[in-house]
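Subject: Structure for your files

Hello,

Here is the structure I said I would pass on. My notes on what turned up in it follow below.

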Amino acid sequence: MNETTACAVVLGIETSCDDTAVAIVERGRTIHANVVASQTEIHRQWGGVVPEAACRAHLESILPVLEEALARADMQLTDIDAVAVTTQPGLIGALLIGIASARALAWSLGVPLVGVDHLEAHIEANLLAFPELEPPFVAMVVSGGHSEIYLYEGLGRTKLLGRTRDDAAGEAFDKGAAMLGLAYPGGPSIAKAAQRGDPRAVRFPRALWTPRTSLEMSFSGLKTALLYRLKGVGTRRGGNGPVAELSETEVADLAASYQEAIVEVLCEKARRAVRGSGVGRLAVGGGVACNRRLRALLGEAAEKDGFELYIATPALCTDNAAMIASLGWKNLQAGRSVGYDQRANARLLRT
Ligand code: KG4
Ligand code: ZN
């Protein structure tokens, strides 16, 4: 056994976007602590993530979050066998704060440092939550920055099957909510408003529905459709006027119809991918996987089509460091991406 495969307790650090997260996970299985400091309140005033503000908040939060994780796990720094950190993709400054912290920590403790891909980690969250889940399976990652469907065949073996051509599903939720005057982050706000609305009130477009085999997605036209609707384009009011004042019922109906357009597309594309791959298993991760309507539609599809559906609890769907520590442990076992010279990559590399 070499130095890295002997590591059991991994401390994970995640700072790729607007959550400062530290977790302690043993052997990619047992979560001893999973602490997330959300920056939602900071970014709410701008209606989206401001990179400079995110970096500042990461700097302020990283040490308190680390201390909180150790306290919850009832561990000392000397109990940590290795440090894992998100290196890509994400906001470059935000990633660098996590990497610099992880590097300093690992180096001072004399333990290995391992780099982790954030999207692979969203898939890993399901393997952590469901020990019975075995590859191969179809994995859909739907978050604020990504909407992708993969065939997951094992560690480091992911084949991209389909992706959005423009906006991510989470971005469509966030921008749509801003147009409707609902609070950031938009996903939970739209989902809440939608509870009182009629999903059939407005027929929004489902882009790239055809050809029936397409696994590509597009959400930017949907955003425009909502904007035009709000400005009265193509209605009897006619023009490209100012956004109308909306009643609570109108907001609820628009939110429900808009949500339906997004989740129906996600469900249909996931379904096609499972059918086409023949693997019979679907795992869904990322913040949008918290959406109850999406979970319900996927549940119905799984029953109808006869595939197994895996969606972790909301705490493991949104950004967290437990998935980073878990995947970090697996990377260590495989001798993958280990070293103090971790670099930040803003972009998705595996395309
Ligand atoms: O995975 P995540 O925490 O961060 C990224 O890696 O982007 O995902 C955040 C995204 C946001 O766009 C947020 O609006 C969306 O997930 N989200 C939801 C829900 N909860 C969070 N979207 C729809 N319904 C929800 N309940
Ligand atoms: Zn994420």
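T20 has A37 in strand 3 as its bridge partner, and V22 stands opposite V35 in that strand. Please keep in mind throughout that this is a predicted model. Strand 2 (residues 19–26) and strand 3 run antiparallel and are joined by 8 bridges. The hairpin made by these two strands has 3 residues between them, and R27 takes a positive phi near 50° there.

Both strands belong to an open sheet of 5 strands, ordered 3-2-1-4-5, with mixed pairing. Its edges are strand 3 (30–38) and strand 5 (113–117), each of which pairs on one side only. On average, neighbouring strands in this sheet are turned by 20° against each other, direction ignored. Helix 2 (residues 51–73) packs on the sheet, where it touches strand 1 (9–14), strand 2 and strand 3. The direction of helix 2 makes about 25° with that of strand 2. Helix 4 also lies across this sheet: it crosses strand 1, strand 2, strand 3, strand 4 (82–88) and strand 5, and runs at about 95° to strand 5.

A second sheet should be described alongside that one. It is open, has 5 strands in the order 8-7-6-9-10, and its pairing is mixed. Strand 8 (157–163) and strand 10 (308–311) stand at its edges with a single partner strand each, so one side of each is left without a neighbour in the sheet. From one strand to the next, the twist averages 25°. Strand 7 (residues 147–154) runs antiparallel to strand 8, and 6 bridges join the two. Within that pairing, L151 has K159 in strand 8 as its bridge partner.

Helix 4 turns up here again. It lies across strand 6 (137–142), strand 7, strand 8, strand 9 (281–285) and strand 10. Its angle to strand 6 is about 120°. To put the two descriptions together, helix 4 lies across the strands of the 3-2-1-4-5 sheet and across those of the 8-7-6-9-10 sheet.

Next, the interior space. How many cavities of 30 Å³ or more are there? The count comes to 1. The largest cavity has a volume of about 40 Å³. Its lining consists of E120, I123, E124, L127, Y152, L155, G156 and L327. Which element gives the most to that lining? Helix 4 (residues 118–129) does, with 4 residues. By residue class, the lining divides into 5 nonpolar, 1 polar and 2 charged.

Last, the charged pairs. A search of the whole structure finds 16 salt bridges. One of them joins R293 to E260, with the closest N and O atoms 2.8 Å apart. That pair links distant parts of the chain, since R293 sits in helix 9 (residues 292–305) and E260 in helix 8 (residues 248–277), 33 residues apart.

If you want to look at one element on screen, helix 4 appears in several of these notes: it lies across strands 1 to 5, lies across strands 6 to 10, and lines the largest cavity.

Regards

Technical notes
Residues are numbered from 1 along each chain as its sequence is written. Chains are lettered from A and ligands numbered from 1 in the order in which they are written. This is a predicted model: local features need pLDDT of at least 70, side-chain atom pairs count only at pLDDT 80 or more; totals for chains, interfaces and linings use all residues. Side-chain values use heavy atoms; hydrogens and water are left out. On a 1 Å grid over the protein atoms alone, a cavity is a set of points where a 1.4 Å probe fits but cannot get out, and a pocket is an open set with protein on both sides within 12 Å along at least five of seven lines; lining residues have an atom within 4 Å of a point. Grid points are joined across faces, edges and corners, and a volume is the space filled by probe spheres set on the points. Ala, Val, Leu, Ile, Met, Phe, Trp, Tyr, Cys and Pro count as nonpolar, Asp, Glu, Lys and Arg as charged, and the others, Gly among them, as polar. Two strands pair if DSSP finds at least two bridges between them. Axes are lines fitted to C-alpha atoms, for helices over the stretch in contact, and angles run from 0 to 180 degrees between N-to-C directions. Contact means heavy atoms within 4.5 Å. A salt bridge is a side-chain nitrogen of Lys or Arg within 4 Å of a carboxyl oxygen of Asp or Glu.
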